[in-house]
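Student: Please take a close look at one part of this model, its nonpolar interior, and then place that part in the setting of the whole chain.

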Amino acid sequence: MNYPQIEAQLSKSAVFEKVALFLKELGFEISSKDMDRPWGGFFVLEESQILKFKSEFFPEVALSDAQLKQKLSPKFLLVAPDARLSWQYHFRRAELWKLIAGKSAICRSDSDEQGPVEPMTPGAVVSLEKGERHRLIGTDNWGVVAEIWMHSDPENPSDEEDIVRLQDDYSRK
């Protein structure tokens, strides 16, 4: 797979354009994007393309037929150099992450106390459990992270409101 080359000096709009072109070339449909996050932003792909998304970015992950029938919210997080998402956790989802371009780091813990910052390995799957505290961190380059949400309650799937922020660099609650 030829993932996009992302350079640290690129503007936010240039990084978003590059990732959007990459997704279009692979035949993915973008259902929404958010470039207004202070740490970068994200793309949400069409839910109907989850099998293609899983095959392309998470082939080593086994998902049951029941899981594949749920909403899995295929997504890409774009974290800017030296930016951090909030120190957070979720009540209604676990998450799978994979760094596919650039660089980023992760901090995680089972308690509210932040764990060590560890660089993400390109191509390695990171599995975050429901309730596990975590933070995606930009290092010296943009990071592009593929993400799948594993909803714990299919009747009440997680959404962007299912974020408990314990600490936030941007004073969000």
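The answer below goes from the overall fold to the interior, and then to single residues.

Tutor: This is a predicted model, in which local features need pLDDT of at least 70 and side-chain atom pairs count only at pLDDT 80 or more, while totals for chains, interfaces and linings use all residues. Residues are numbered from 1 along each chain as its sequence is written, and side-chain values use heavy atoms, with hydrogens and water left out.

The protein has three helices and nine strands, where helices (H or I, at least four residues) and strands (E, at least two) are DSSP runs numbered from the N terminus. Their order along the sequence is α-β-β-α-α-β-β-β-β-β-β-β. The radius of gyration, taken over C-alpha atoms, is 15 Å, which agrees with the value near 16 Å for a compact globule of 173 residues, the globule rule being 2.2 Å times the number of residues to the power 0.38. Along the principal axes, the C-alpha trace spans about 40 × 40 × 25 Å. Of the contacts with a separation of 6 or more, 74% join residues 24 or more positions apart, a contact being heavy atoms within 4.5 Å.

Of the 173 residues, 48% count as buried; buried means under 20% relative accessible area, exposed over 50%, and partly exposed in between, with a 1.4 Å probe and protein chains only. The largest nonpolar core has 43 residues, where such a core is a set of buried Ala, Val, Leu, Ile, Met, Phe, Trp, Tyr and Cys residues joined through side-chain atoms within 4.5 Å. Phe53, Phe57, Phe76, Leu78 and Trp97 have the most contacts inside this core. The elements giving two or more residues to this core are α1 (12-25), β2 (40-45), α2 (50-57), β3 (75-79), β5 (93-109), β7 (125-128) and β8 (133-151).

Phe53 shows how distant parts of the sequence meet: leaving aside neighbours within four places, Phe53 is in contact with Phe28, Leu45, Phe58, Pro74, Lys75, Phe76, Ala146, Glu147 and Ile148. Leu77, in strand β3, is buried with a relative accessible area of 5%. Not counting residues up to four places away in sequence, Leu77 touches Trp39, Gly41, Phe42, Trp97, Leu136, Gly143, Val144, Val145 and Glu147. Ala8, by comparison, lies 69 residues from Leu77 along the chain, with their C-alpha atoms separated by 16 Å.

Helix α1 offers two contrasting positions. Val15, in helix α1, counts as buried because its relative accessibility is 0%, and beyond neighbours within four places in sequence Val15 is in contact with Ile6, Leu10, Leu78 and Trp142. Lys24 is also found in helix α1, yet Lys24 counts as exposed, at 65% relative accessibility; the C-alpha atoms of Lys24 and Phe91 are separated by 33 Å, with their positions 67 residues apart along the chain.

Backbone geometry adds another pair. Most residues other than glycine have a negative phi. Ser73, although not a glycine, has a positive phi of about 50 degrees; Ser73 is placed in the loop between α3 (65-69) and β3 and counts as buried at 7% relative accessibility. Ser171, likewise not a glycine, has a positive phi of about 60 degrees, but Ser171 is in the segment after β9 (164-167) and is exposed, with a relative accessible area of 66%.

To close with the surface, the accessible area comes to about 8,500 Å², of which 48% belongs to carbon and sulfur atoms, as given by the Shrake-Rupley method with a 1.4 Å probe, and for residues only the protein chains shown count as cover.
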